[in-house]
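Reader: I'd like a close look at one part of this model. Could you pick a stretch of loop and go through its side chains with me, then follow the trail outward from there?

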Amino acid sequence: MYLAKVYITLKPTVNDPQGLTIKGALHNLGFDTVKSVRYGKYMELQMEGEDIARAGEQVKEMCRKLLANTVIENFSFELEEMKIT
Amino acid sequence: MKFGIVTFPGTWSDGDCYYSLGNILEQDVRYIWHKDTDLSGLDCVVLPGGFSYGDYLRAGAIARFSAVMPAVERFAAGGKLVIGICNGFQILCEAGLLPGALMTNSHLQYRCQWTNLKVENHNSPFTNQSTAGQVIKVPISHHGGNYYADERTLEDLEKNNRVLFRYCESNGEISAGSNPNGSMHNIAGIINARGNVMGMMPHPERACEPLLGGSDGNIIWKSIIRYLTNKV
């Protein structure tokens, strides 16, 4: 079993009104050190399998097909082995 | 003419499209369930507005993989007319039948209001009943209608007259103030390169009789009917 941690982020060229609004709210709370906020998505996928390379390929395919819209988003992921209890 | 209106789980404007086409314009209309794959006999497929699959993940991202969609793609590849309204536009972009993407409105608000649309290309199957530069009044109702495309795509759309509608003032002026969602180039509706697949965020079916505040939306349906009639 593997745990895939998938991160979906907006491409740097894409405007992010949610990130800007969050940054404004943080400034209102006095967190003046925040220079930029980019809003994104995080997903955890539990996957069956014994071959980490193959699992990685599958996650990449899932991201390209469904999890990310590559017109506006980038994706990255981490894979870790899960202990079956 | 025979119209098919696709219903996904969460579609809400299918009934309004049916009413506009069937009751007001007296066309032959049938609903297509998202699990159906038979589009035979149809002249035009409508992907109506709503929140298919709750807009989970991204608007249109799940609906794009519905059983009906490969049939819609084949239908479009055969040169038949496909129109996506609101969520339907989002689905067409997710499916790659139209370029670009529809993002959360720049002000982060859901907007339900009348908009003025400048018809930028009146020679398409979807706009031939309008005049050059005509301004039509059609309402929007969305949270994610902020059209985005990269520079190259925008250039291609503009150069080839593929922008059909732009948000504008009532006098036709394209302004930042008339842009209700932050769309690039004030884009409200586009067509594919072949000219048979159209997507727009405003709802023509909600402007189909004076009682609703206007009937400019019928210009789009009547254009489709005229195009199909001439073809026969």
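Author: Let's start with F51(B), which is partly exposed at a relative accessible area of 27%. That makes F51(B) neither buried nor exposed, because buried means under 20% and exposed means over 50%. Keep in mind that this is a predicted model.

What does the ring of F51(B) pair with? The whole structure has four aromatic pairs over all chains. In one of them, F51(B) meets W12(B) edge-to-face, with 5.0 Å from centre to centre and 80 degrees between the planes. The label follows from the angle, because planes over 60 degrees apart count as edge-to-face. F51(B) belongs to the loop between β3 (44-47) and α2 (68-77) of chain B, while W12(B) belongs to the loop between β1 (2-7) and α1 (14-24), so the pair ties together parts 39 residues apart in sequence. Like its partner, W12(B) is partly exposed: its relative accessible area is 39%.

Compare that with another pair in chain B. Y18(B) and Y31(B) have ring centres 4.8 Å apart and planes at 25 degrees, so this pair is stacked. Here a helix and a strand are linked: Y18(B) sits in α1 of chain B and Y31(B) in β2 (residues 28-33), 13 residues apart. Y18(B) is partly exposed at 28% relative accessibility, and Y31(B) also counts as partly exposed, at 41%.

Now back to the loop between β3 and α2 of chain B, where Y53(B) is found too. Its backbone is worth a look: Y53(B) is not a glycine, yet its phi is positive, at about 50 degrees. As for its surroundings, Y53(B) is partly exposed, with 26% relative accessibility.

L57(B) lies in that loop as well. It has a positive phi too, near 70 degrees, and again the residue is something other than glycine. Its relative accessible area is 24%, so L57(B) is partly exposed.

L57(B) also takes us to the largest pocket, which holds about 660 Å³ of space. The pocket is lined by 34 residues, and those closest to its centre are K41(A), L57(B), R58(B), M103(B) and T104(B). Both chains take part: β1 (2-10), α1 (17-28) and β2 (40-47) of chain A each give at least two lining residues, as do α3 (87-94), β5 (101-103) and β7 (135-142) of chain B. α3(B) contributes the most, with four residues. By type, the lining has 15 nonpolar, 13 polar and six charged residues.

Two more rings in chain B have a charge over them. R64(B) places its charged end over the ring of F65(B), 4.2 Å from the centre. K137(B) does likewise with the ring of W114(B), at 4.7 Å.

One last stop, if you'd like a buried contrast to those partly exposed loop residues: helix α5 (residues 218-231) of chain B. Its 14 residues should span 20 Å at 1.5 Å a residue, and the end C-alpha atoms are indeed 20 Å apart, so the two values agree. The buried residues in α5(B) include W221(B), I224(B), I225(B) and L228(B), along with N218(B), I219(B), I220(B) and S223(B). When you look at that spacing, remember that an α-helix has 3.6 residues a turn, so residues three or four places apart point the same way.

Key:
Residues numbered from 1 in each chain as written. Chains lettered and ligands numbered in written order. Heavy atoms only, no water. Phe/Tyr/Trp six-rings, centres within 6.5 Å; stacked < 30°, edge-to-face > 60°. Buried < 20%, exposed > 50% of the residue type's maximum accessible area, 1.4 Å probe, protein only. Lys NZ or Arg CZ within 6 Å of the ring centre and 35° of its normal. 1 Å grid on protein atoms, 1.4 Å probe; cavity = no way out; pocket = protein on both sides within 12 Å on 5 of 7 lines; lining within 4 Å. Points joined across faces, edges and corners; volume = space filled by probe spheres on them. Nonpolar A, V, L, I, M, F, W, Y, C, P; charged D, E, K, R; others polar. Expected span 1.5 Å × (residues − 1).
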